[in-house]
Amino acid sequence: MSNLTDSDPEKDNGPVEIKQNVDHDSVQSDLETISEATTWWIILRRFRKNQVALLGLGFLGFFAFLAILSYLDTILTLIFGQGIFPYGPNEIFANGASSFEPPSLEHIFGTDNVGRDIFIRIIYGARISMTVGFLAVLVSLSAGTFLGLIAGYYGGVIDSIISMILEMLLAFPSILLALAILAIFGSSLTNAMIAVGIVYIPYYARIVRGQVFVERELMYVESAKVLGAKTPRILMKHILPNVFGVLIIYTSLGIGTAILEVAALSFLGLGALPPTAEWGSMIADGRYYWLSGPHLVFFPGIAILLAVLSFNLVGDGLREALDPRFKR
Amino acid sequence: MNKIKESPALISNDFQNFVKFMAKRFLRSIIVILGIITIVFILFRILPGDPARDLVGKFPTAERLAAVREIWGLDKPVWDQYIIFMQKLIFEFDIGMSYDTSTPVLHELGLRFPATIELALVSMMLAIMVGIPIGIISAYKQHTRTDYLSMILALVGVSMPIYWLGLMLQGVFARDLGWFIGTGRIEPVLSSELNLYPFHTNFYLIDSFVMGIVEGNWVFFISTVENLILPGIALATIPMAVIARMMRSSMIEEMRKDYVRTARSKGLRERLVILKHVTKNALIPTITVIGLNFGALLGGAVLTETIFSWPGVGKYIWLSITQRDTPVIMGFVMIVAIIFVFANMITDIIYAYLDPRVRYYERD
């Protein structure tokens, strides 16, 4: 069964066939868009009924808003010298603030060991974490999808080789592989992001591969093949859209995980470097000052927890919406 | 079903299949391990920077650099280095020396592995003991407040940065309330005496337990247990949540099956149906998850150990990374990957033993 695949050259001969293929395909894709639209509509409706998932989405929106605010603040500060917030994220002893001030109206989350406003730093941290989480998943998603599509579609030797490499990557506990990659390429936020991205490639690749295995045996792929569609076209236009739903779930869950791991690497001093306002490194900075101010550790941790939780809630909600079997 | 099982020809065929499956799986694991070792070697050899320079120190002279290169075999071409490395690994079971202490990496890791394994085992036990009942109750009381609450808590557990939880626990229970010391494996005063005790496995729980029985002095054991509590909880959080979620979903999956309906219609009490029938079957996928999470625990140990000053491999590896002690990092990464591959293999074999379909699929 697995060698149904590479007989394209033979089918590309007849000009008549190719013409037919174009016509038929456009009709088919019209049908696809219609049915797809309805499916997505149904999924959206199911998702909207899930209150917990909506709460997660709300939190996500809030964090995205914070991230945008921090960008605005940076831009305004650059242009006018005064941004939205009264203090900058790295402003030491801003407006006569002292170290370890407990939460107050002036400083909502208090100040840290050098009198920086923790609230402002958390807002700036939202921007870093959201961006980094998103980009890390982009790395693993694109590479993973590519490998999974190829392995699943061609099968045989190519699949064996790719699967073996994936298995090797999966043999490392995730944070350890990221640590090893950072040990090799040096620590920085960008490298931490790439490392986490690489670590999660196999997960996406496996999901896509499994789905492609199922899809490629279905009638519609066979029909596309008979009509003379070439492999890249079958992969991109026919199979990928059908894998899309599953990928969306794992993207949402994946961004949460990526945020968590990059923050952990920063906590270990291998990601974001001081004085960057990154949640993980804020916890690392505050850990030695528990007796002077527990809020140095408490608030950044809550921020990580909420951000990751909201991605997980949305991911779970999407899973339930896409596959009603998972419904509680 | 019974008829098929009774036929001797089929049984031997089935057994052959199982052996074939095991052999194939083993071979695959060996190839993967060789691949991992090769990948790790290549990765660490393309490392930017010159290890010889790191080794010599601040004022390198040409002669000293050359000498150091010769001692560590860094003057040879990479290909030769690889062959020497593999030869040493396979025939002498030697994965190199620490740049920092010039002692064999395996020795250094061996000193610290017991601490990590002890912590990981305790955490895993905790995770299982809490996670599985939560999963069962949650599935049994599906759609109730208990279910929602425990599943949201489980989701919080998965989303929590464990180093943060560790710091919070340490802060509140050790620093503020003073219930625990919050660092190390045992009270510092007791540690040297325990280490000098003739019965010495470096698993403090075992050592101090033996000491308690032989000498009747339980101070050491109590202190060991006390010190395990906070890091144990911190490290257990994620597997606990994962296990609870997995247990719940596989319970729900099982509860829909025919045999459950049969058991109920026989008039069996609901408690018995759940505890005897469903739980047993739902445990199988959960066991797989537990096996897979062990590797994650070893990774999580890096974070937990740095917080609680736990003298295990996790903390050591973090120090090695900051000191660029490449052979140690290489060795540790390899060993953990090998453990992980074997753990996976064993899980797969157990699974194939429990569920014959797996072997047949594998053949196609």
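This section describes the fold of two chains, the contact between them and the packing of selected helices in a predicted model.

Chain A is built from 12 helices and zero strands. Read in sequence order, its pattern is accordingly α-α-α-α-α-α-α-α-α-α-α-α. Chain A comprises 328 residues, of which 47% count as buried. When contacts in chain A between residues at least 6 apart in sequence are taken, 68% join residues at least 24 apart.

Chain B likewise contains zero strands, and its helices number 16. The C-alpha trace of chain B extends over about 85 × 60 × 45 Å along its principal axes. Of the 364 residues in chain B, 37% are buried. For contacts in chain B with a separation of 6 or more, residues 24 or more positions apart account for 71%.

The contact between the chains involves 35 residues from chain A and 38 residues from chain B. On the side of chain B that touches chain A, two or more residues each are given by helix 2 (8-45), helix 7 (145-159), helix 8 (162-176), helix 13 (270-307), helix 14 (313-322) and helix 15 (326-354) of chain B. Sorted by class, this side of chain B holds 29 nonpolar, eight polar and one charged residues.

Helix 14 of chain B, one of the elements in this contact, was examined for burial. Eight of its 10 residues are buried, so helix 14 of chain B is largely enclosed by the rest of the structure. The buried residues are Val313(B), Gly314(B), Lys315(B), Tyr316(B), Ile317(B), Trp318(B), Ser320(B) and Ile321(B). Just after helix 14 of chain B, Arg324(B) adopts a positive phi of about 55 degrees.

Helix 8 of chain B, which also contributes to the side that touches chain A, packs within its own chain against helix 11 (residues 219-255) of chain B, where the two axes come within 9 Å and cross at roughly 150 degrees. This angle makes helix 8 of chain B roughly antiparallel to helix 11 of chain B. The crossing of helix 8 of chain B with helix 11 of chain B is right-handed. From helix 8 of chain B, the residues in the contact are Ile162(B), Leu165(B), Gly166(B), Leu169(B), Gln170(B), Phe173(B) and Ala174(B), and they meet Leu230(B), Pro231(B), Ile233(B), Ala234(B), Leu235(B), Thr237(B) and Ile238(B) in helix 11 of chain B. The contact of these two helices has 11 nonpolar, three polar and no charged residues.

In chain A, helix 6 (residues 174-185) and helix 7 (residues 189-199) pack with their axes 9 Å apart, at an angle of about 135 degrees. Helix 6 of chain A and helix 7 of chain A are therefore oblique to each other. Helix 6 of chain A passes helix 7 of chain A in a crossing that is right-handed. Ser174(A), Leu177(A), Ala178(A), Ile181(A), Leu182(A) and Phe185(A) form the helix 6 side of this contact, and Asn191(A), Ala192(A), Ala195(A), Val196(A), Ile198(A) and Val199(A) form the helix 7 side. By class, the contact of the two helices consists of 10 nonpolar, two polar and no charged residues.

Two residues of this helix pair, Ala178(A) and Val196(A), recur in the largest nonpolar core. That core has 168 residues, and those touching the most other members are Ala178(A), Leu179(A), Val196(A), Val262(A) and Val333(B). Its largest share, 17 residues, comes from helix 4 (residues 118-154) of chain A. With neighbours within four places in sequence left aside, Leu179(A) is in contact with Leu270(A) of its own chain and with Val302(B) and Ile321(B) of chain B. Another core, of six residues, lies apart from the largest one and includes Ile186(B), Leu194(B), Met211(B) and Phe221(B).

Leu149(A) was considered as a single position in helix 4 of chain A. Leu149(A) counts as buried because 24 C-beta neighbours lie inside 10 Å, where the cut-off for burial is 20 or more. Not counting residues up to four places away in sequence, Leu149(A) touches Val208(A), Val212(A), Leu235(A), Ile239(A) and Leu240(A). The C-alpha atoms of Leu149(A) and Arg209(A) are separated by 5.8 Å, although the two residues are 60 residues apart along the chain.

Methods: Residues numbered from 1 in each chain as written. Chains lettered and ligands numbered in written order. Predicted model: local features only at pLDDT ≥ 70, side-chain atom pairs only at ≥ 80, totals over all residues. Contact = placed C-beta atoms within 7 Å. Helix = DSSP H or I, 4+ residues; strand = E, 2+ residues; numbered from the N terminus. Nonpolar A, V, L, I, M, F, W, Y, C, P; charged D, E, K, R; others polar. Axes fitted to C-alpha atoms, helices over the stretch in contact; angles between N-to-C directions. Parallel < 35°, antiparallel > 145°, perpendicular 65-115°, else oblique. Left-handed = near helix turned anticlockwise from the far one by under 90°. Buried ≥ 20, exposed ≤ 12 C-beta atoms within 10 Å, placed from the backbone. Core = buried A, V, L, I, M, F, W, Y, C linked by C-beta atoms within 7 Å.
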